[in-house]
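Subject: Structure handover

Hi,

Here is the structure we talked about passing on. Please open it alongside this note; my findings follow below.

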Amino acid sequence: MYGRHEDGSAGDANYGAIGSGYKSYRQPDPHIAQFILDALGDAATVLNVGAGAGSYEPVDRKVTAVEPSASMRAQRPAHLSPAIDATAERLPFPDRSFDASMATFTVHQWADLGRGLREMRRVTRGPVVVLSCDPDALEGSWLHVYAPEMIAVEARRYPAMTAIAGALAGHVEIRPVPIPLNCVDGFGEAYYGRPERLLDPGARLANSAWSFVEPAVGERFVADLSHDLEDGTWDDRYGDLRRQPFFEGSLRLIVSRP
C-alpha cells in the first residue's frame, strides 16, 4: 500500500514534487475526448476519479471530481467544479450515486487497483470508463529504444488489461484509442512524431515514470536523442512518423457496463 505524500498524493507518484507544471503539458485532446464522451453515453451525472487538473471531464454534464493531491486540485480551471479530497479506494458516496464514472491516466497510481475499481462500480449505475495504457504494447514506441528503463517502469506500473477488466466485471470492452499526430495531451506516446518535444524537461516531468528513474537516464536520453536528431539518425529510422496522422500505440479505453 502506498502512503499519502505531503500534498495528499495517494499513489506512487508525488505530485507535490512533479505536478506544478502538469497542466501546461497535459491538456485534454479532442480526439481522445470523443472516445470518452461516446462511452459515457447520455449519462447526466458523472464521477471522475483521480481527476487531477480536470482533463477529459465533460462540461455538459454534472461532474463530481475526486482527487487526493492538493497540487493537482489547485490546477483545476475555474470553469470546473472543485475536486473532493478523497481516494479511489474509499469513495465517500452511497451506492449507485452516479449515472457513469470515469478514470483517466490514473489507475496505475492507485494503491489498491481492485478495491478502487470495485468502488467505482459500487457507486455507478451505468458505464465505468477507464483510460489507461496496455503494458504489453509499450515497447512498440521508439521511446523504448532511447529510454528502456523508463518504459520498463511504465510496464511495471500500468495494470494489465485483464486485471482492470476482471475487477470491473459486468460486460467489459477494451477499445484501442489511436493517438493523433498533434496530440495535446503530452503522455509519452503523444510525441511519437514530434521527438524534439521530449527534450523539454517539463514535458518529461509531466510523465510521472521519469520521476522513478535515475537522473542519469534522462541525461543520457537527452544526449542520445539530441545527437540523433542533429545528424539525421532519428529521421532515417522513424521519420515517417512525422507524417503519420495516427499512432496505434498502447492507449486503451476500458468500458464496463453492468
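There are seven aromatic pairs in this predicted model. One of them joins F105 and F187. Their ring centres lie 5.0 Å apart and the planes meet at 35 degrees, so this pair is tilted. F105 sits in the loop between β3 and α5, while F187 sits in the loop between β6 (179–180) and α9, so the pair ties together parts that are 82 residues apart in sequence. Both partners are out of the solvent by the numbers. F105 has 9% relative accessibility and counts as buried. F187 has 5% and counts as buried too.

A second pair is W234 with Y238. Here the centres are 5.6 Å apart and the planes are at 50 degrees, so this pair is also tilted. The two residues are four apart in helix α11, which puts about one helical turn between them. In general, an α-helix has 3.6 residues a turn, so residues three or four places apart point the same way. W234 is buried, at 0% relative accessible area. Y238 is at 19%; the cut-off for buried is under 20%, so Y238 still counts as buried. W234 and Y238 also belong to an aromatic cluster, together with W142 and Y146.

Next, the nonpolar cores. The largest has 50 residues, and W142, F221 and L251 touch the most other members. Which elements give two or more residues to this core? They are α3 (30–40), β3, β4, α6 (143–146), α7 (148–157), α10, α11 (233–238) and β8. The top contributor is α3, with five residues. A separate core of 22 residues lies apart from the largest one, and its members include L91, M120, M161 and L168. As background, nonpolar side chains tend to be buried together in soluble globular proteins.

L251 deserves a look in your viewer. Not counting residues up to four places away in sequence, L251 touches I32, F105, L131, S132, C133, R175, P176, V177, I179, F187 and E189. Both rings of the F105 and F187 pair are on that list.

W210 is in the loop between α9 (201–205) and α10 (215–230). Is W210 buried or exposed? At 11% relative accessibility, W210 counts as buried. Beyond its neighbours within four places in sequence, W210 is in contact with A147, M150, R204, V217, G218 and F221. F221 is also one of the core residues named above. From W210 to V153 the C-alpha distance is 8.5 Å, with their positions 57 residues apart in sequence.

Helix α5 (residues 113–122) is mostly covered. Seven of its 10 residues are buried. These are L113, G114, G116, L117, E119, M120 and R121. What covers them? The cover includes β1 (45–49), β3 (100–104), β4 (128–133), α8 (161–168) and β8 (251–257). M120, buried in α5, is among the members of the 22-residue core.

T106 is in the loop between β3 and α5. At 8% relative accessibility, T106 counts as buried. Leaving aside neighbours within four places in sequence, T106 is in contact with V49 and G50.

Now the pocket. The largest one has a volume of about 210 Å³. It is lined by 16 residues, and those closest to its centre are P28, G54, S55, Y56 and L80. By class, the lining holds nine nonpolar, four polar and three charged residues.

Q27 is in the loop between α2 (22–25) and α3. Q27 is partly exposed, with a relative accessible area of 35%. Apart from its neighbours within four places in sequence, Q27 is in contact with S55, Y56, V184 and D185. Of these contacts, S55 and Y56 are also among the residues closest to the pocket centre. Q27 and C183 are 156 residues apart in sequence, yet their C-alpha atoms are 8.9 Å apart in space.

Best wishes

Conventions
Residues are numbered from 1 along each chain as its sequence is written. This is a predicted model: local features need pLDDT of at least 70, side-chain atom pairs count only at pLDDT 80 or more; totals for chains, interfaces and linings use all residues. Side-chain values use heavy atoms; hydrogens and water are left out. On a 1 Å grid over the protein atoms alone, a cavity is a set of points where a 1.4 Å probe fits but cannot get out, and a pocket is an open set with protein on both sides within 12 Å along at least five of seven lines; lining residues have an atom within 4 Å of a point. Grid points are joined across faces, edges and corners, and a volume is the space filled by probe spheres set on the points. Ala, Val, Leu, Ile, Met, Phe, Trp, Tyr, Cys and Pro count as nonpolar, Asp, Glu, Lys and Arg as charged, and the others, Gly among them, as polar. Buried means under 20% relative accessible area, exposed over 50%, partly exposed in between (1.4 Å probe, protein chains only). Contact means heavy atoms within 4.5 Å. A nonpolar core is a set of buried Ala, Val, Leu, Ile, Met, Phe, Trp, Tyr and Cys residues joined through side-chain atoms within 4.5 Å. Rings of Phe, Tyr and Trp (its six-membered ring) pair if their centres lie within 6.5 Å; planes under 30 degrees apart count as stacked, over 60 as edge-to-face and the rest as tilted.
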